[in-house]
Amino acid sequence: MVETMTAVGMVISGTPISEYDKRLVILTKEFGKITAFARGARKPTSQYLGGSQPMAFGEFTLYRGRNAYTVTGMKISDYFSNSMSDIDSMYLGMYFLELADYYGREGIEARDTLELLYLSMKALSKGNISNRLVRCIYELKTLVLNGEYPNVFECGMCGAKDNLDYFDLNHNSVMCRQCHGSIKQENLLDASTIYALQYIITSPINKLYTFQVKETVLEQMENIIGQYIKKVVDKKFNSLDFL
């Protein structure tokens, strides 16, 4: 008798293979990013039809072969692709999947990464927080979980923790007004921007989607995180072309 195992996860991608099967990439809490084959998933009557779509979240029953897993059962609790209210939310969700795929590794448990992905999809579905803020939170916390986030706690030159009002991409750090020299007023950071970035970095994942920011703060956050992502992530994400 074949021994099976269960894993909680979210489908990152599903690729058609042969006539009726699918090759799934699933981010799982227990085993990290895995490849699993869903036999017959493309048949209209297949029990795996919905659960083999990207953004499907639930419990997967699997058995492990030499090079990949095979799906033997699914209990899907959330179909996020069905609950997105607009096309922009859908493509932003696809981008979140691509970023999770980029950082995902097999054999390394992904409890925090999966929780972040799940709650971010929930936030996109509910629409209580702007998509732009959801994206900032997801990107920065993903960097935190993978140990390559920018320093927003002390000046990258002198170590001061006060009067931080500028971000220097060359130093991957905020700067204090004594160290950064003369800066145009429009390039100086609002204190609320620094606080928001610090909050995202230090807060538990389940507390992330609980705040709003004013437009000027959001624009500054987008600028800092966007520049930093381009610097440290060496991949072009297809879903961003549609946003």
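Which residue in strand 7 is the bridge partner of Tyr166? The close-ups below, all taken from a predicted model, begin with that pair.

**View 1. Strands 6 and 7 make a hairpin.** The bridge partner of Tyr166 is Met175, in strand 7. Strand 6 and strand 7 (residues 173-176) pair in the antiparallel sense, with four bridges between them. Four residues lie between the two strands, and Asn172 in the turn has a positive phi of about 55°. Look at strand 6 itself, too: four of its five residues are buried.

**View 2. Helix 6 has its buried residues on the same side.** Val217, Leu218, Gln220, Met221, Ile224, Ile225, Tyr228 and Ile229 of helix 6 are buried. They cover an arc of only 165° around the axis, so they sit on the same side of the helix. An α-helix has 3.6 residues a turn, so residues three or four places apart point the same way. Among the elements covering these buried residues are helix 2 (87-103), helix 4 (131-145), strand 6 (164-168) and helix 5 (191-202). The 18 residues of helix 6 (215-232) should span 26 Å, and the end C-alpha atoms are indeed 26 Å apart.

**View 3. Five strands close into a barrel.** Follow the strands in the order 1-2-3-5-4, and you will meet mixed pairing. On average, neighbouring strands are turned by 45° against each other, direction ignored. Strand 3 (residues 32-38) and strand 5 (residues 69-79) run parallel, joined by two bridges; here Ala36 has Tyr69 of strand 5 as its bridge partner.

**View 4. Helices 2 and 3 meet the barrel strands.** Helix 2 lies across strand 1 (5-17), strand 2 (21-28) and strand 3, at about 110° to strand 1. Helix 3 (residues 111-126) packs on the sheet and touches strands 1, 2, 4 and 5, making about 65° with the direction of strand 1.

Technical notes
Residues numbered from 1 in each chain as written. Predicted model: local features only at pLDDT ≥ 70, side-chain atom pairs only at ≥ 80, totals over all residues. Heavy atoms only, no water. Expected span 1.5 Å × (residues − 1). Buried < 20%, exposed > 50% of the residue type's maximum accessible area, 1.4 Å probe, protein only. Arc of directions from axis to C-beta. Contact = heavy atoms within 4.5 Å. Pairing = 2+ DSSP bridges. Axes fitted to C-alpha atoms, helices over the stretch in contact; angles between N-to-C directions.
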